[in-house]
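Student: Can we go through the empty spaces in this one? I'm new to it.
Tutor: Sure, let's take a look.
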Amino acid sequence: MREADQRSERATKAHRATEILDGLLEGWFDYIGDLNGPPLKLRHLTRPQMVFVMSLTAHVHATAKALRPVLPDGLTIAHMPLVRSIFEATVTAVWCQAVDDGAEALMQEGDRQRNNVRRAVGEALSVREMERVATYDLGALISSSTAQGRSMEKRLEDLEMPGAYVIYRVLSGQSHASIETMENYVDQQSFTQEPLSIKSNPGAHPRSAEWIELCASCLVWSGALINFHDPARSRRSELRQAARELQIDWILKVKPDAVRRGGGRPR
């Protein structure tokens, strides 16, 4: 296939993925409304699990909405932290819903990090400022998933999603002050030849279509979590249709061994 044809095909994919993403965003915000959305049932979840699932799903959609103005043609390396956040929040919500003690593991890790912040900056802050670094008295929380709560790599290993950690590593490399980021702003000859040239605009991301499809997939997977707790299954048909168009399963699953480790039964 000629290069021009490949560019045209990628552009078509990016536009179609953006249309799917638009439909999913519209469906979500119509569903959730201005306040708390329709009543949901806890089903088998603990309240902390439900808090994580609902808040992370809301974050996925809010972040996708923030990203939307640059899609499909304006996605650049500068926007990859948003793509990473969408992916990370989605897989964490999926994992937390499936693993019974996942919420405890995430709460343990969050409190550990906050206590580290308090210790690290304690000498530099006033008492009043220290009080703003909130911590929670979690007592002796016990979780078999402490390693997964602390490590995204371990968490992703629990998913039935081949290549999930590779995706996360690529997104991380393009979200940090890394050589992958730097290469988008300089020409190769800048390392060895004059003049040194720095771009103010890194240009469209060459893999825009794939990343937009990933974001749309995350809206399906996170939306499916909330659908499970909705007695009316209000968005089930919409989510399944979007999944068919994206050629993905509409439910992102967690490995049975991980579910059993957390104290639950595979569903």
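Student: Before we start, what counts as a cavity?
Tutor: A cavity is a set of grid points where a 1.4 Å probe fits but cannot get out. Its volume is the space filled by probe spheres set on those points. Keep in mind that this is a predicted model.
Student: How many cavities of 30 Å³ or more does the structure hold?
Tutor: One.
Student: And how much space lies in the largest cavity?
Tutor: About 40 Å³.
Student: Which residues line the largest cavity?
Tutor: Trp28, Tyr31, Gly223, Ile226, Asn227, Asp230, Ser234 and Arg235.
Student: What classes do they fall into?
Tutor: Three are nonpolar, three polar and two charged.
Student: Which helices supply at least two residues each to that lining?
Tutor: Helix H1, residues 3-32, and helix H10, residues 208-228. H10 gives the most, with three residues.
Student: OK, switching to pockets. What volume does the second largest pocket have?
Tutor: About 230 Å³. It is lined by 14 residues.
Student: Which of those are closest to the centre of the pocket?
Tutor: Met161, Ser217, Trp221, Ile248 and Leu252.
Student: Where does the largest share of this pocket's lining come from?
Tutor: From H10, which provides five residues. So H10 helps line the largest cavity and the second largest pocket alike, with helices taken as DSSP runs numbered from the N terminus.
Student: And how does the pocket lining divide by class?
Tutor: Nine residues are nonpolar, one is polar and four are charged.

Methods: Residues numbered from 1 in each chain as written. Predicted model: local features only at pLDDT ≥ 70, side-chain atom pairs only at ≥ 80, totals over all residues. Heavy atoms only, no water. 1 Å grid on protein atoms, 1.4 Å probe; cavity = no way out; pocket = protein on both sides within 12 Å on 5 of 7 lines; lining within 4 Å. Helix = DSSP H or I, 4+ residues; strand = E, 2+ residues; numbered from the N terminus. Nonpolar A, V, L, I, M, F, W, Y, C, P; charged D, E, K, R; others polar.
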